[in-house]
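Visitor: Could you take me slowly through one part of this model and what surrounds it in the chain? I would like the criteria behind each term stated as you go.

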Amino acid sequence: MEASSKQQLLLYSYWQSSCSWFVRFALSLKGLPYEYKPVNITKGEQFSPDFKRLNPLHFVPVLVDGDITVSDSYAIVLYLEDKYPQRPLLPADPRLKALNLQAASIINSNIQPLHMVSLTHLKEKVGPEESLSFAQLNTEKGLLALEMLLKDFASRYATGDEVYMADVFLAPQIVVSTTRFNINMSKFPTLSRLHESYKILPELEASSPERQPDAVR
């Protein structure tokens, strides 16, 4: 099933949002066209009454598919997998499927929210150095868990020779970890090798922050 031209997918996104990047990457891999709806979170547009009706938590991304609205990147990717099964993002093998779900959840629930806290409240309360240290500590903790989880299963990509859901979350997270938080990836040899494979994926490049219409260059 493909997205209908009469009900084109709408993605409410912010170019620098790593959670939005996860979803953009998934949409690109599945070849699903969508309309990009920028939400400038630095200007507080996520607190507008219109956006609050889409997501009372005031977070991007939000996907609108006809009369269905889904927020949270993890939920959105699972929704896309159910609704648009072309180019599967979850393998059929139960063990590998569980690995993909676990890896994606580690990033979405344990790494990304904690480094976002450091960018907002902590930076205001304790200053940039302490907030950066907090982000690095929690990011490295999550990356170490992923290194241990995937080292015996990774091949070209996280769980084999195909890009799956673990990669959808991991590829952008590694970029954010290295460029925004100065994480030394040499501590994570499996993830570093995967990072090299991700660099040449056209779908990752197309979904990258700098390629988005609201990017500030």
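Guide: A polar contact is a pair of N or O atoms within 3.5 Å; within protein, one must be able to donate a hydrogen and the other to accept it, and residues adjacent in sequence count only if both atoms are side-chain atoms. The model is predicted, so local features need pLDDT of at least 70 and side-chain atom pairs pLDDT 80 or more, while totals for chains, interfaces and linings use all residues. Residues are numbered from 1 along each chain as its sequence is written, and side-chain values use heavy atoms, leaving out hydrogens and water.

Let us begin at S13, which belongs to strand β1 (helices, H or I, of at least four residues and strands, E, of at least two are DSSP runs numbered from the N terminus). With a relative accessible area of 0%, S13 is buried (under 20%; exposed is over 50% and partly exposed lies in between, with a 1.4 Å probe and protein chains only). Its side chain has a polar contact of 3.0 Å with the side chain of R24, and another, of 3.2 Å, with the side chain of Y36. Setting aside neighbours within four places in sequence, the residues in contact with S13 (heavy atoms within 4.5 Å) are S20, R24, Y36, K37, P38, V39, V60 and D214.

V60, which appears among those contacts of S13, also takes part in a cis peptide bond with P61, where omega is about 5°. P61 sits in the loop that runs between α2 (49–54) and β3, and H58 is found in the loop between these elements as well. Although H58 is not a glycine, its phi is positive, about 65°; at 19% relative accessibility, H58 still counts as buried. For context, most residues other than glycine have a negative phi, and most peptide bonds are trans.

After this loop comes β3, residues 62–65, from which V62 and V64 point one way and L63 and D65 the other, every one of them buried. That pattern follows a general rule, since in a regular strand the side chains alternate between the two faces of the sheet. Strand β1 (residues 9–13) and β3 pair (at least two DSSP bridges between two strands) in the antiparallel sense over 3 bridges, and here Y12 has V62 as its bridge partner. Between β3 and strand β4 (residues 68–71) the pairing is again antiparallel, over 4 bridges, with V64 standing opposite T69. The hairpin that β3 and β4 form has 2 residues between the strands, and in it G66 adopts a positive phi near 65°.

Further along the chain lies helix α3 (residues 73–83), whose buried residues are S73, Y74, I76, V77, Y79, L80 and E81. The N-terminal end of α3 is capped by D72, which places a side-chain oxygen 3.0 Å from the backbone nitrogen of Y74. The loop between α3 and α4 (94–126) holds R87, another residue that is not a glycine and yet has a positive phi, here about 50°. R87 is partly exposed, with a relative accessible area of 27%, whereas H58 counts as buried.
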